[in-house]
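I opened the notebook for a fresh look at this chain. Here is what I looked up, in the order I went.

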Amino acid sequence: MKTLSIILPSFRDSRITAAIESIRMFDDESTVRIIVIDGGSDEALVTNIRRLLTEEDILISERDEGIFDALNKGLERVNTPYVGWIGSDDLYSGEVRASDVTGALKTNEIFVASLYVTAGTRIRRLNRSVLSAKGLIKYGLHNPHYSTFGHASLFCAHRFDIKSISADIGYFLDVFSSSRRILHTEKVAVLQEEGGFSTGSVGRSITINRSAFEHYRERGNAVTALLSVFLKMGYKVFSLALYSVFPRYWDKQFPSAAIIQARTNKK
């Protein structure tokens, strides 16, 4: 029986095949249903995606209005008790498994693991799960949402604002404020490739933070919103600096994920 849906939004990204492989590695008890929401990629890529899916998985390939629209479409198709998602250019590390998630969610509404932002095999920064579990998300210390899982009844009750460039912040402010039963692990669940939607250029980062300010202000006031943005940016800069001064690489820590990435890079 499938108990956990993993939503996988994608558009013209061949790395999605590695993401799907990593979900299979993550799915240690065959309880995961993959929901691929493709934004209308070419038929060759869609065919490759379809070959990696089972009859119980879901593939939707049609034009959408971006990643948040794709995530909303995925939430509408969840028919399992629990849900999470991952990016098409990201990998599950193998350190946290589906059984860890479903076990945690039997007595908690949200389960959060840590996340590495990476560039190839180099670790660029760390998003720690404990910050979300302690309720600090409302002060700018945003949770690593690719390694956040929860009850479908909670997560599907909310939607991403597709008109907001920082809709993920607004979404999780609502989700976390609706729950008191949150469990976290410091283990790293996801390797998020730098340069994606939320980890790209400085200009995009500034635009996102301006939008984030509005989300924080709507749920508090201008002073706390400004403080939240500065804390959010400060934590990111600190983590980037730390891993620049003390470089670390994840491929030795997570060899199975490294094999999947290397196989994809050779294609």
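In which helix does Ile23 lie? I found Ile23 in helix α1. Before going on, I noted that this is a predicted model, where local features need pLDDT of at least 70, side-chain atom pairs count only at pLDDT 80 or more, and totals for chains, interfaces and linings use all residues. Residues are numbered from 1 along each chain as its sequence is written, and side-chain values use heavy atoms, with hydrogens and water left out. For helices and strands I take DSSP runs, numbered from the N terminus: H or I of at least four residues for a helix, E of at least two for a strand.

**Entry 1: Ile23 and its surroundings**

I checked how covered Ile23 is, and it counts as buried because its relative accessibility is 0%. My scale is under 20% relative accessible area for buried, over 50% for exposed and partly exposed in between, with a 1.4 Å probe and protein chains only. I then listed the contacts of Ile23 beyond four places in sequence: Ile6, Leu8, Val32, Ile34, Ile86 and Tyr92. Contact here means heavy atoms within 4.5 Å. I also took one distance: Ile23 and Thr54 are 31 residues apart in sequence and 13 Å apart in space, C-alpha to C-alpha.

**Entry 2: strands β1 and β2**

Two of those contacts, Ile6 and Ile34, stand opposite each other, with Ile34 in β2. Strand β1 (residues 4–10) pairs with β2 in the parallel sense, over seven bridges; to call two strands paired, DSSP must find at least two bridges between them. I looked at cover along β2 (residues 32–38) and found seven of its seven residues buried. Val32, Ile34, Val36 and Asp38 point one way from β2, while Arg33, Ile35 and Ile37 point the other way.

**Entry 3: the cores**

Next I looked up the nonpolar cores, meaning sets of buried Ala, Val, Leu, Ile, Met, Phe, Trp, Tyr and Cys residues joined through side-chain atoms within 4.5 Å. The largest one has 59 residues, and Leu4, Ile6, Ile7, Phe26, Trp85, Phe149 and Phe155 have the most contacts inside it. Helix α7 (residues 167–177) gives the most to this core, with seven residues. Apart from it lies another core of 14 residues, among them Ala18, Ile123, Tyr243 and Phe254. I followed Phe149 a little further: beyond four places in sequence, its contacts include Leu4, Ile6, Phe26, Tyr92, Glu109 and Phe155.

**Entry 4: salt bridges**

I counted 14 salt bridges, taking a side-chain nitrogen of Lys or Arg within 4 Å of a carboxyl oxygen of Asp or Glu. Arg15 and Asp89 form one of them, with the closest N and O atoms 3.8 Å apart. That pair links distant parts of the chain, 74 residues apart: Arg15 in the loop between β1 and α1 (16–26), and Asp89 in the loop between β4 (82–85) and β5 (91–92). Arg15 is partly exposed at 37% relative accessible area, whereas Asp89 is buried at 18%.

Glu109, which I had met as a contact of Phe149, forms a salt bridge with Arg181 at 3.7 Å between the closest N and O atoms. Here the partners are 72 residues apart: Glu109 in the loop between α4 (98–105) and β6 (110–119), Arg181 in the loop between α7 and β9 (182–193). Arg181 is partly exposed, with 40% relative accessibility. I also noted that salt bridges sharing partners join Asp13, Arg15 and Asp89 into one network.

Lys73 and Glu62 meet in a salt bridge of 2.8 Å, N to O. Lys73 lies in helix α3 (residues 67–76) and Glu62 in the loop between β3 (58–61) and α3, so the pair ties together parts 11 residues apart in sequence. Lys73 is buried at 12% relative accessible area, and Glu62 is partly exposed at 36%.

**Entry 5: loops with positive phi**

Arg12 has a phi near 55°, a positive value in a residue other than glycine. Arg12 sits in the loop between β1 and α1 and is exposed, with 61% relative accessible area. Ser30 is not a glycine either, and its phi is also positive, about 55°; the place of Ser30 is the loop between α1 and β2.
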